[in-house]
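Student: Hello! I would like to learn how to read a protein model, one feature at a time. Could we go through one together?

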Amino acid sequence: MINSELPYVYDVEIVGLLASPAHRYAGRPGATVPDQAADRRDRLEIRAGVGIVGDRYAGRPAHRDAQVTVLAVESLESLATELGTAPSDPLLARRNVVLRGAEVEALRGQEFVLDSGAGPVLLRGGRPANPCAWMDAVLAPGAHRGLRGRGGVRCAALSDGVLRLGPAVLRSALPLDATAAGAARPLGRLRR
């Protein structure tokens with residue numbers, strides 16, 4: 001079923017995984033980056049309709065369509081080049097899954113599968129994962145504005161599964177351009 005509906009197949013790499021039982025970037029940005037070592041994972045357990053086991057947003061109704069956030073590491077690398085800084089730790093952006101080799105922003109409104117060897121995890125891309133003001137403090141000055149349109153995608157978990165660091169396969173219903181992975185995409189109409 002998944003193969004026929006999602007005919008485009010891409011080899012990607014999962015370079016970062018994060019699940020956080022607590023909010024790390026609360027309030028106004030400070031001068032000190034909060035400790036985040038405990039949030040780094042080698043694997044994430046995903047539950048359909050719930051999200052990531054052990055994450056603070058798992059099972060919360062307000063996050064039904066934003067249970068898993070996915071980001072292209074190329075977005076952070078492009079931003080670092082534009083800002084003239086060294087590339088930052090990609091998990092400082094606080095996205096659950098950081099991929100290399102995928103045009104993540106094109107997955108808004110699309111179902112897609114990630115499979116890191118433990119079976120396929122079906123996700124539905126939703127609204128943009130807009131960056132917060134903390135990005136200027138933890139990545140580089142200008143990162144908050146620079147990540148708009150390429151800060152990742154909030155996704156609904158449609159199947160159970162496990163994601164692991166390392167090589168993975170991404171399946172989608174539409175063709176993706178890996179060379180556009182770090183490019184900004186329009187955010188669409190903003191609500192007033």
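Tutor: Gladly! Let us begin with contacts along the chain: among those between residues at least 6 apart in sequence, 80% join residues at least 24 apart. Please keep in mind that this is a predicted model.

Student: Which helices and strands should I look for, and in what pattern do they follow the sequence?

Tutor: The secondary structure comes to four helices and 10 strands. Going along the sequence, you meet them in the pattern α-β-β-β-β-α-β-β-β-α-α-β-β-β.

Student: How much of the protein is buried?

Tutor: Of its 192 residues, 46% count as buried. The protein exposes about 9400 Å², and carbon and sulfur atoms supply 51% of that area.

Student: How should I read a sheet?

Tutor: The general idea is that strands of a sheet pair through backbone hydrogen bonds, either parallel or antiparallel. Here, take the open sheet of three strands with the order S3-S2-S9, where the pairing is antiparallel. Strand S3 (51-52) and strand S9 (161-164) are the edge strands, each pairing on one side only. Strand S2 (residues 43-47) pairs with S9 over four bridges. To find the place, look for Ile46, which stands opposite Gly161 in S9.

Student: Where can I see a parallel pair?

Tutor: Look at S4 and S5, which run parallel and are joined by three bridges. Ala72 stands opposite Leu99 in S5, and Leu71 has Val98 as its bridge partner in S5. S5 also meets S1, and here the two strands run antiparallel with four bridges between them. In that pair, Glu13 is opposite Arg100 of S5.

Student: What does S4 pair with in the antiparallel sense?

Tutor: That is strand S8 (residues 153-157), paired with S4 over three bridges. Thr69 stands opposite Arg154 in S8.

Student: Why is S4 said to be largely enclosed by the rest of the structure?

Tutor: Because five of the five residues of S4 are buried. Both faces are covered: Val68, Val70 and Ala72 are buried on one side, and Thr69 and Leu71 on the other.

Student: Now a helix, please. How do I work out which residues point the same way?

Tutor: An α-helix has 3.6 residues a turn, so residues three or four places apart point the same way. Try helix H2 now: its buried residues are Val73, Glu74, Ser75, Leu76, Leu79 and Ala80. These buried residues pack against strand S1 (8-17), strand S4 (68-72), strand S5 (97-100) and helix H4 (143-146). After H2 comes Gly84, with a positive phi near 70°.

Student: Could we zoom in on one residue of that helix?

Tutor: Let us choose Ser75, which sits in helix H2 (residues 73-83).

Student: Is Ser75 buried or exposed?

Tutor: Ser75 counts as buried because its relative accessible area is 0%, and buried means under 20%. A polar atom of the Ser75 side chain lies 3.3 Å from the backbone oxygen of Ala181. Leaving aside neighbours within four places in sequence, Ser75 is in contact with Leu147, Arg150, Ala181 and Gly182.

Student: What about empty spaces inside? How many cavities of 30 Å³ or more does a search find?

Tutor: A search of the whole structure finds one. The volume of the largest cavity is about 60 Å³. H2 gives the most to its lining, with four residues. The residues that line the largest cavity include Leu76, Leu79, Ala80 and Leu83, and also Pro87 and Leu139.

Student: May I try one last residue, this time in a strand?

Tutor: Of course! Find Phe112 in strand S6 (residues 111-115). Phe112 is at 1% relative accessibility, so it counts as buried.

Student: Which residues is Phe112 in contact with, leaving aside its neighbours within four places in sequence?

Tutor: Among them are Leu6, Val70, Leu107, Val121, Cys155 and Leu170. You have already met Val70 as one of the buried residues of S4. As a last step, compare positions along the chain with positions in space: Phe112 and Arg124 are 12 residues apart along the chain, and their C-alpha atoms are separated by 6.2 Å.

Definitions and conventions:
Residues are numbered from 1 along each chain as its sequence is written. Side-chain values use heavy atoms; hydrogens and water are left out. Buried means under 20% relative accessible area, exposed over 50%, partly exposed in between (1.4 Å probe, protein chains only). A polar contact is a pair of N or O atoms within 3.5 Å; within protein, one must be able to donate a hydrogen and the other to accept it, and residues adjacent in sequence count only if both atoms are side-chain atoms. Contact means heavy atoms within 4.5 Å. Accessible areas come from the Shrake-Rupley method with a 1.4 Å probe; for residues, only the protein chains shown count as cover. Two strands pair if DSSP finds at least two bridges between them. On a 1 Å grid over the protein atoms alone, a cavity is a set of points where a 1.4 Å probe fits but cannot get out, and a pocket is an open set with protein on both sides within 12 Å along at least five of seven lines; lining residues have an atom within 4 Å of a point. Grid points are joined across faces, edges and corners, and a volume is the space filled by probe spheres set on the points.
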